[in-house]
Amino acid sequence: MALPIMGEMSEGQRGSLIYIMETIIKLTEVNKIYRTEEIETQALENVNIDVQKGEFLSIMGPSGCGKSTLLNIMGLLDEPTSGTVELCGTKIDPTLSDNRLAEFRNKTLGFVFQSFHLISSLNVLDNVQLPLLYRGVGYNERMKRAKEVIERVGLSHRMKHTPVQLSGGQCQRVAIARAIIGNPEIILADEPTGNLDSKMGADILGLLKQLNEEDGRTIVMVTHNEQQAQQTKRIIKFLDGRQIM
Amino acid sequence: MKILLLYIKHALHMMREEKLFSGIYIAGTALAIAFTMVMAIVYYVKLAKIYPEVNRDKMVYIDNLCFMDKEGRVHSTCHFSDYAFEKWFAHAKNVEYVAPIYSKSDRISVGNGKRNIIGKNGKLIEVESQVTNHDFFNIFKFEFLKGRPITREDVEQHNPVAVITNDLAEQLFGKDVDPVGKMIGEEGDEYRICGVVKGASPLTPVSYAQVYVNYSYYYQNMVYDNESLSGNYIGGFSVIATVKDNAQYQALKQELDATAARWSQIMEGEPISLTHTMSNHAQHVVEIENELVPFHSFTDWDLVKPYVGLFFILLFVPAINLCGMVAGRMERRLSEMGVRKAFGAKRNTLLWQVVWENMVLTLTGGIIGLVLSWVALYVMRDTILTMFFDSDLLNDTTFVSGEVLFAPLLFLGALLAMLLLNLMAAVFPAWLSLRKPIVESMMEKR
Ligand SMILES: Nc1ncnc2c1ncn2[C@@H]1O[C@H](COP(=O)(O)OP(=O)(O)OP(=O)(O)O)[C@@H](O)[C@H]1O
Ligand SMILES: [Mg+2]
């Protein structure tokens with residue numbers, strides 16, 4: 001895909017016309033078909049998407065159109081039925097070893113989910129440092145980094161709490177802290193504000209925007225909220241597994 | 001090594017986090033292992049070679065004389081008279097040693113083994129007695145502290161001799177007097193002590209008694225006048241013997257069958273069998289325990305069946321319950337493992353973590369269980385032992401030796417069985433789930 005055309009540009013993008021193009025996520029001819037005993041669902045049909053480094057991309061579309069499926073495939077949480085995925089210039093081959101994939105997820109990707117997916121038995125600190133744990137970072141360094149990012153999402157006073165003792169908005173902040181602690185290039189957020197009221201939703205979006213603008217992280221976000229989507233740099237829309245714009 | 005420590009640390013961490021689960025799991029494992037161990041110890045005592053029954057692997061038991069009908073089925077059974085022993089067994093060729101003993105069932109129900117002797121102060125005391133021959137002391141390796149066993153000459157010459165236990169000797173004569181040569185018994189039933197042994201325990205009921213007297217003296221005045229009467233052969237004895245090996249066992253069987261055929265004719269043509277209840281030690285234990293009567297032929301499976309059930313209840317029922325618990329918890333954990341994987345955990349790391357968690361839990365439970373079984377045997381020894389042994393034989397001399405307490409192979413076996421089951425319950429679903437795409441693991445129901 002060429003340079004974004006002015007008309008497609010969202011509010012946020014207009015200020016910074018000049019940026020260096022570097023494709024960080026590239027989906028080519030991606031199909032995803034779910035087969036159950038009775039039916040076949042084509043969740044994605046011939047999807048081609050390029051995401052540039054530093055982009056903040058929103059994906060919109062009605063329920064069941066394949067947004068989560070798309071995001072999961074981008075994030076190596078799921079495999080496409082056919083087609084290829086490239087992340088940071090590396091083609092993700094089905095033959096890639098589990099260890100390589102794990103490393104990729106660990107270093108390159110950070111996830112934020114609608115239902116948070118925090119580990120309920122771990123407190124905030126332990127949840128947040130998870131990616132560093134699997135990277136083999138030492139205890140002291142982990143603690144230091146975890147405290148930094150928790151402070152950044154404004155939860156320093158809740159470090160020893162477990163997820164059940166937190167509000168939804170607070171949980172999502174923890175999830176964001178966990179997503180960014182490993183300094184991944186890419187943050188994938190599936191309806192990160194879907195379970196939150198509008199005030200808290202706005203807070204979370206603000207946090208994501210900050211990560212995009214200040215740290216230059218690439219963010220792909222699924223949302224049902226038109227108003228939130230308008231605040232990102234680009235919007236693509238899906239219907240029945242196909243990109244319609 | 002470092003990674004191992006890390007896994008164990010993780011496991012301990014998990015135990016702290018999931019106190020209830022870990023607690024129940026450990027307690028369940030401990031109880032299952034403890035019960036299994038108690039049973040193992042009980043059966044060790046019943047089956048292994050322990051003093052003085054160190055020839056258990058070579059022993060043959062012939063409890064009954066069986067009268068058969070025309071179809072070859074048993075229609076009635078009885079024990080042997082001393083006369084029958086003398087005629088049929090005493091001169092058997094295919095044995096190492098052979099001895100008559102009071103039949104165990106008679107001893108219990110008829111009180112056959114009880115005998116009065118005059119105690120220190122002239123009062124009669126009742127002791128447990130056995131009536132047998134010289135070979136008894138070859139079959140059972142009693143340690144003679146003083147004197148000698150009953151000999152072949154004693155038997156042939158109908159000498160009134162008896163071997164008594166050290167405990168009884170001390171009770172009767174005190175520590176300082178040499179009991180050998182002294183007389184015991186009551187009037188008309190007196191014996192000269194020829195030897196003093198370290199006593200057997202009631203836990204080895206075949207060899208256990210306090211006084212062992214020469215059967216040929218005891219029965220010397222019995223009159224057996226008419227060979228054709230089956231009554232001549234009916235008495236209170238069972239027969240024990242040792243054989244060198246299985247070949248001799250089979251040879252003995254043939255020999256006894258031939259004897260029976262010959263005597264069937266003498267006994268008014270009524271067919272008898274001497275081998276119908278012939279059994280080795282393990283079979284004998286099982287037969288007595290389960291009151292398997294010789295009226296039908298039982299297979300090896302009949303012998304093993306009750307124990308399969310027992311072990312099933314003791315070990316596998318709790319193990320399977322725990323498996324259910326582990327599997328249920330794994331189901332909850334699968335989504336968590338999906339999340340961990342999403343943030344960079346490797347499949348093998350997660351899998352090993354599950355394995356180690358289970359190992360640490362099962363091992364903890366197992367060791368607690370082992371200790372528990374010792375404590376149980378120590379504190380509730382009588383209760384437990386009376387459940388499995390003839391309670392009226394038990395007394396303070398009952399002991400369980402150290403090697404019995406440990407029974408390491410059984411402990412390891414039971415532990416391994418638990419471990420395998422639990423690993424299967426935990427690792428298999430984890431392994432399956434970890435092979436699926438992460439989203440699917442994450443969406444596993446919580
Ligand atoms: N594991 C699965 N097995 C079968 N079908 C599935 C599976 N996951 C998703 N689908 C189907 O694929 C289609 C796309 O699902 P997806 O979750 O991507 O939708 P979505 O756009 O994220 O919807 P929502 O906005 O409600 O989250 C749906 O029709 C859904 O029913
Ligand atoms: Mg969705």
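Let me start with helix α2 of chain A, residues 98-108, which in this predicted model lies across strands β6 and β7 of chain A and runs at about 70° to β6(A). A second helix to look at on this sheet is α7, residues 198-215 of chain A, which lies across β3, β7 and β8 of chain A, and its direction makes an angle of about 150° with β8(A).

The sheet itself is open and has six strands, and if you follow the order in chain A you read β6-β7-β8-β3-β9-β10, with mixed pairing. The two edges are taken by β6, residues 109-112, and β10, residues 242-243, and because each of these has a single partner strand, one side of each is left without a neighbour in the sheet. For β10(A), the pairing with β9, residues 234-239 of chain A, is antiparallel and extends over two bridges, and here A:Leu239 is the residue that stands opposite A:Arg242.

Now to one side chain, that of A:Arg178, which belongs to helix α6, residues 168-180 of chain A. What is the nearest side chain of opposite charge to this buried arginine? That is B:Glu336, but it is 9.6 Å away, and A:Arg178 has no salt bridge although it is buried. What the side chain of A:Arg178 does reach is the backbone oxygen of A:His117, at 3.0 Å. Setting aside neighbours within four places in sequence, A:Arg178 is in contact with A:Phe116, A:His117, A:Leu118, A:Asn127, A:Val128 and A:Pro131, and, from chain B, with B:Val339 and B:Phe343.

Key. Residues numbered from 1 in each chain as written. Chains lettered and ligands numbered in written order. Predicted model: local features only at pLDDT ≥ 70, side-chain atom pairs only at ≥ 80, totals over all residues. Heavy atoms only, no water. Pairing = 2+ DSSP bridges. Helix = DSSP H or I, 4+ residues; strand = E, 2+ residues; numbered from the N terminus. Contact = heavy atoms within 4.5 Å. Axes fitted to C-alpha atoms, helices over the stretch in contact; angles between N-to-C directions. Buried < 20%, exposed > 50% of the residue type's maximum accessible area, 1.4 Å probe, protein only. Lys, Arg positive; Asp, Glu negative; His and termini not counted. Salt bridge = Lys/Arg side-chain N within 4 Å of Asp/Glu carboxyl O. Polar contact = N/O pair within 3.5 Å; in protein donor to acceptor, adjacent residues only side chain to side chain.
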